[in-house]
Amino acid sequence: MEVILAKKAGFCFGVQKAVDKAFDEAKSCADSSQKVFTFGPIIHNEEVTKKLEESGVGIIEDISELDSIPKGSKIIIRSHGVGKDIYDSIQNAGMEVVDATCPFVMNIHKIVKEKSEAGDEILIIGNPGHAEVEGTIGWSVNEPYVINDISDIDALPDMTGKNMTVVAQTTFSLKKFKELVAVLQDRYYNVNVCKTICNATEERQKETEQLAGEVDAMIVIGGRNSSNTQKLYEISRQKCNNTYYIQTLVDLDLTVFESASRVGITAGASTPNYIIKEVQNSMSEQSFEELLQDESPVVSIRPGQVIEGEVITVKPDELVVNINYKSDGIVTANEYSNTPVDLTTVVKPGDPITVKVIKTNDGDGQVLLSHKRVAAEKAYAELEEAFNNGTILKGKVTQVLSGGLSVQVSECRVFIPASLVSDTFERDLSKYLDQEVEFVLTEYEPRKRRVIGNRKKIVAEAKAAAAEELFSRIKVGDVVEGTIKNITDFGAFVDLGGADGLLHISEMSWGRVENPRKIFKVGDTVKCFIKEINGNKIALSLKFDDANPWLSAEEKYAIGTVVKGKVARMTDFGAFVVLEPGIDALLHVSQIALQHIEKPSDVLKSGQEIEAKVVDLRIPDKKISLSIKALLKDQMPEDAEEASEETEEVPVSEDIAESIPVDDVLAAAEETVDAE
């Protein structure tokens, strides 16, 4: 006969903690007058309660019994927990409270208290009258509802518009819990479900279901009043008809197993190990010691040790890991990675995992493990190597701080000061958030968690390399394309992909440009040509020769041609008229009208369109002189024109150039513009 013992059979850590505490208190008070009592049986197992009674630990079932026991006695709250009123009554009676409530149960009490105070309706899925359920009820500020089957849901009052919080008895059937929750969520939309069935119970039930389906007979060991043992029996019966529920070896009839070739054994959370061993030894041809030798060896662990394990259970915020120890290990989401993650998306049962032991016992019987600390140690080793070799690293910016950037490299954080983020000062670093950046390490002190990165060096070197490549292939006259990087009053800087070129305001157009910002904006793409290269400075221009308006000026603006233009600006000696972008002409004050004019602004306005005659053209000097007077004379009758000529005092055309040289006029105009 093959006998298979479930790995999770026997005391869970909560029960073990409560039982150990009860025996410890009995021992500490054995030589004193102080008495020890448990509030109700410490666990639902008659064998354990008998041993405690033999050790001097009494039992009280109701707070009314407090008056009949000595003042100052120790009252142990069992693993099932009690309501808040019980705590208050014990303390008010002058007794000392020793709390052995299971941590999972304490968590339920906390949820119920907080949610009920917030106004939620509390629904407890569990067995009515069970000690744990009764204790949980005592933490709700309003009357909760206990649900054991669908009929209890049918009996609920109208809860439309109310928030509902659902918790479960820690030892309740997981399958039944899911069924009841599904019904609640189908009927109500505002249901907050807290899965409070403890890990040990959930794993024990799953293991029992699997084992029962693989054997010819099952033995379930536990107290008759143990809720979790009853659940194991019910689960086992569904998979194996030959399931037997016993409390001790005395209840076992070995004859019923004569024809069975494989027998499974499991036990409730309140069943002592020695009872399980007795049953197992009686069923097996091997001794219990031999069975232990057949099992996989149990490792010895210590805090700080790095060990290999296998993932058993995956939840969004927690992993349960088999580490071949007497207890499984727990890896929380916070200890899996520094980056928030739903563990079900990155890990699956059966995956191997390397972990570091944080605590061998966190006080609740669990082994706390860390995956991220193993990854961090590996990452720090890689950072040290990168620091020594000057290797370029890459990481994601997870935080923008007042003094710089926090960059995540594996499970390590690297700080890049604001002064080392770029080769130019950047006031706003928010654009780097969630971006991957490259950097080198300039400081590495892992003991102080001081790891400093330098992106400025990478940027500067990249720019230097790009600049070298750019200058090696460009020359004066080349047409290049770039992006407007910055705009000033005197021009725009263009990023040519390695160096910046200056597009001066005077080179933006053949015409006059008053403000570069009116024709360009940062980010615009421009195609221009290189006018000059002086060291690392590049001068750019948009004044392409084929677009030079002076190329056709000799034909378009020949002397005697009548033209139209707009008054651009005026001085006391004349007005400058734009004939087309890039070509301005001078209309001298003496040529504005037939009669004498003191100054141009007496008869003209800026922006006014005028018609005049070209009276002088100097292509080499790019100068044109206009005359409205000459145009008006052309339009006068011949006798009137002769009379006008007799009284004419001011020369035109060549005489104008001699009395007031055009160069002097233009120079005076430019001085006037500058003064403005």
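Asn324 sits in the loop that links β14 (318–322) and β15 (329–332). Strands here (E, at least two residues) and helices (H or I, at least four) are DSSP runs, numbered from the N terminus. Residues are numbered from 1 along each chain as its sequence is written. Before going further, please note that this is a predicted model, in which local features need pLDDT of at least 70 and side-chain atom pairs count only at pLDDT 80 or more, while totals for chains, interfaces and linings use all residues, and side-chain values use heavy atoms, with hydrogens and water left out.

**Two loop residues with positive phi**

Asn324 is not a glycine, yet its phi is positive, at about 55°. Lys622 is likewise a non-glycine residue with a positive phi of about 55°. The table sets out where each one lies and how open it is; buried means under 20% relative accessible area, exposed over 50%, and partly exposed in between (1.4 Å probe, protein chains only).

| Residue | Loop | Relative accessible area |
|---|---|---|
| Asn324 | between β14 (318–322) and β15 (329–332) | 37%, partly exposed |
| Lys622 | between β31 (609–618) and β32 (623–627) | 42%, partly exposed |

**The barrel**

The strands on either side of Asn324's loop, β14 and β15, take part in a barrel. Which strands close it? Five do, in the order β13-β14-β15-β17-β16, with mixed pairing. From one strand to the next, the twist averages 50°; axes are lines fitted to C-alpha atoms, for helices over the stretch in contact, and angles run from 0 to 180 degrees between N-to-C directions.

Let us walk around part of it, counting two strands as paired if DSSP finds at least two bridges between them. β15 runs parallel to strand β17 (residues 367–370) and is joined to it by two bridges, with Ile330 standing opposite Leu368 in β17. On to strand β16 (residues 352–359), which is antiparallel to β17 and joined to it by three bridges; here Val357 has Leu369 as its bridge partner in β17. Strand β13 (residues 306–315) pairs with β16 in the antiparallel sense over five bridges, and Val306 stands opposite Lys356 in β16.

A helix joins the picture as well: α13 (residues 372–389) lies across β13, β16 and β17, and runs at about 100° to β16.

**A hairpin further along**

Strand β26 (residues 525–534) has antiparallel pairing with strand β23 (residues 479–488), over five bridges. In this pairing Thr483 stands opposite Thr525 in β26. β26 also pairs with strand β27 (residues 537–541), again antiparallel over five bridges, and Asn534 has Lys537 in β27 as its bridge partner. The hairpin of β26 and β27 has two residues between the strands, and Gly535 takes a positive phi near 70° there.

**Two helices to visit**

Where does Gln205 lie? Gln205 belongs to helix α8 (residues 199–212). Gln205 counts as buried because its relative accessibility is 4%. Its side chain makes a polar contact, reaching the backbone nitrogen of Leu174 at 2.9 Å; such a contact is a pair of N or O atoms within 3.5 Å, and within protein one must be able to donate a hydrogen and the other to accept it, while residues adjacent in sequence count only if both atoms are side-chain atoms. Beyond its neighbours within four places in sequence, Gln205 is in contact (heavy atoms within 4.5 Å) with residues including Thr171, Phe172, Lys231 and Ile235.

Helix α16 (residues 628–635) has Ile628, Lys629, Ala630, Leu631 and Lys633 as its buried residues. At the start of α16, a side-chain oxygen of Ser627 reaches to within 3.3 Å of the backbone nitrogen of Lys629.
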